[in-house]
Structures are given as C-alpha cells and as structure tokens.
Amino acid sequence: MRARSRENMKPKVSVLGLVRVLVLVLVLVHCFAPPPASCITVNTPAELHASRGGDVVLSCSFTSTQTPTSKMMVDWSYRPQSGGPPQTFFHFSSQAFLPPDGQFVRRIRWQGVPARGDATIALVNATLKDNGTYTCSVRNPPDVHGSPTSQTVLTVTPKPPSTRFSDVAVLLAFILLPSGGITLFLIGRMLRPRKKLGQSKAYRSPIEVTEGEEYYAPPLGGKGRGSTCCDLYLTDSEDDEDYYNLKKQRPRDEDYAESQC
C-alpha cells in the first residue's frame, strides 16, 4: 500500500515544479526583455501660403505614447517644386542644429516644444525659390513606427503692391475738396431768395421793350396836341388787334402830328 501511494504522489510533485519554472521564466522575460515598439503620429497642414518677404510658420505636431526624452529626434527636409530627392536642412536632438549653409542658412528658427508634442520651425524672409514640399519626421524611441512623417506644400507668391496712407489722403483731397466747394456754391445759389417781379419792373427804363410787349399810341379821337413818340407806352401783345385796327383808320389832319423825336 505504501509503494502505491508513493507512486501516485510523484506526478503531482513534477507538475508543481513545472509551473514554478514557467512563472520564473515569465518574470525574467518581463524584467530583462526590451519593451515592445509603439506607434507615433505626426501631423502637419496639407498646404501653406505666404507672400514673398514674409515669415512662414511650418507647423508640426506629434503624438507619442512615451514621454519625449533626449533620444527624441526631429528632422525637416525640403524637396523643390521642380522635383528631386528631399534634402534635410534642419535636425533636432536635445538641441537645434540649424543649416550651416545652403538655401536656408540663417533663415530657420526653432519654435518647437517637444514636451508638448510640438516640432514647429519658422522660415524667415520667404522667397519664390522656397516653393516645394516640406517633410517633418519625428522619432521618439521606442515609438518609431506608425506615421512618423508628414508633409506640407508651401506656395510663395509675389507680395501685392501696398498703397500708402499719404497717397490716399492726397488723392481724396484733390477729388473731394473741389467737388465739395462746387456743391456748396450751387446749394447757395438755389437757396438765395429771388427778386419779386414788381421790384424788377421798378428799375426798368420807360422805353424798354421786353418780349410780349409793343409800342402803342393812344386813340386819336380826343382833342388836344398831337401825339409824339414820347407819348407812346408799352402794351401787352394781347392788344395787337386794337393796334392794327388803329393803323387802318385814316388819321385826321388836325389830330395828326409828325413825330419830333
């Protein structure tokens, strides 16, 4: 009976030991094995527009599962609009390494804050030669996979001519001042009171003839001295009929007098 009980216990002891060995191996692997690689995501605007001579902010943001350390690296590369391989002109690793020569020398400023996931740079005094594709690449070990790069297309256009305020002021002065003076003069003429008709006739000459008026001689039926040109007075054109009837009458000798004027 004792022999059988011992034989039954042997398999139980061996299984328990195997479990212990597996747990020990898993602990060692977890402690000494390198951590698995994670993904990183980099984002930049698809397009940027700028005027010649202005400053351009090349934005670049990234998302990482690991806190940025001194091993984090940022690279900016440029490919001309005409084509060709991209050329790296900026590098960051613990500090910014500006381009020592070439197209972007003394024209790049580092504005990134890696702790906030920012890898932005600024391009100073943009020119038409800067048109092309800019690529932002970020590595933050162990986050090196995923989408570590992103591209943005920059378009630089000629700066439109600007109009100075002094030019506009002079132009307005030459246009508004004369037109304003003429307008005020015309308004004054319109508002000025006109003379009454009776007042204007008071100063008219006794022998002045205006339109619609004619000389008229008084009837010759009465006695007295003959009519002269000084006895003529003005009548309205409504008396034309009487005037012509008067001319048809045959003047009498005793009442006719030749004009002495």
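**A walk through the sheet and its core**

Let's begin with two strands, S2 (residues 47-51) and S12, which lie parallel to each other and are joined by 5 bridges. Strands here are DSSP runs of E with at least two residues, numbered from the N terminus, and two strands pair if DSSP finds at least two bridges between them. Within this pairing, Glu47 has Val153 of S12 as its bridge partner.

Before going on, a word about what you are looking at: this is a predicted model, in which local features need pLDDT of at least 70 and side-chain atom pairs count only at pLDDT 80 or more, while totals for chains, interfaces and linings use all residues. Residues are numbered from 1 along each chain as its sequence is written, and side-chain values use heavy atoms, with hydrogens and water left out.

Now step to another partner of S12. Strand S10 (residues 132-139) runs antiparallel to S12, with 6 bridges between them; Thr135 is matched there with Gln151. Zoom out and you find an open sheet of 6 strands with mixed pairing, in the order S2-S12-S10-S5-S6-S7. Its edge strands, S2 and S7 (96-97), each pair on one side only. At the S7 end, S6 and S7 are antiparallel with 2 bridges, and His91 stands opposite Phe97.

Which side chains of S12 are buried? Along residues 149-157 they alternate: Ser150, Thr152, Leu154 and Val156 point to one face and are buried, whereas Thr149, Gln151, Val153, Thr155 and Thr157 point to the other and are not. Buried means under 20% relative accessible area, using a 1.4 Å probe and protein chains only.

Leu154 also belongs to the largest nonpolar core, which has 26 residues; Leu154 is among those with the most contacts inside it, along with Val56, Trp76, Phe89, Tyr134 and Val138. Such a core is a set of buried Ala, Val, Leu, Ile, Met, Phe, Trp, Tyr and Cys residues joined through side-chain atoms within 4.5 Å. Leaving out residues up to four places away in sequence, Tyr134 touches several residues (heavy atoms within 4.5 Å), including Trp76, Phe89 and Leu154.

Finally, visit Thr44, in the loop between S1 and S2. Why is Thr44 called buried? Because its relative accessibility is 16%. Its side chain makes a polar contact with the side chain of Ser150 at 2.7 Å and reaches the backbone oxygen of Gln151 at 3.0 Å. A polar contact is a pair of N or O atoms within 3.5 Å; within protein, one must be able to donate a hydrogen and the other to accept it, and residues adjacent in sequence count only if both atoms are side-chain atoms.

Definitions and conventions. Buried < 20%, exposed > 50% of the residue type's maximum accessible area, 1.4 Å probe, protein only. Helix = DSSP H or I, 4+ residues; strand = E, 2+ residues; numbered from the N terminus.
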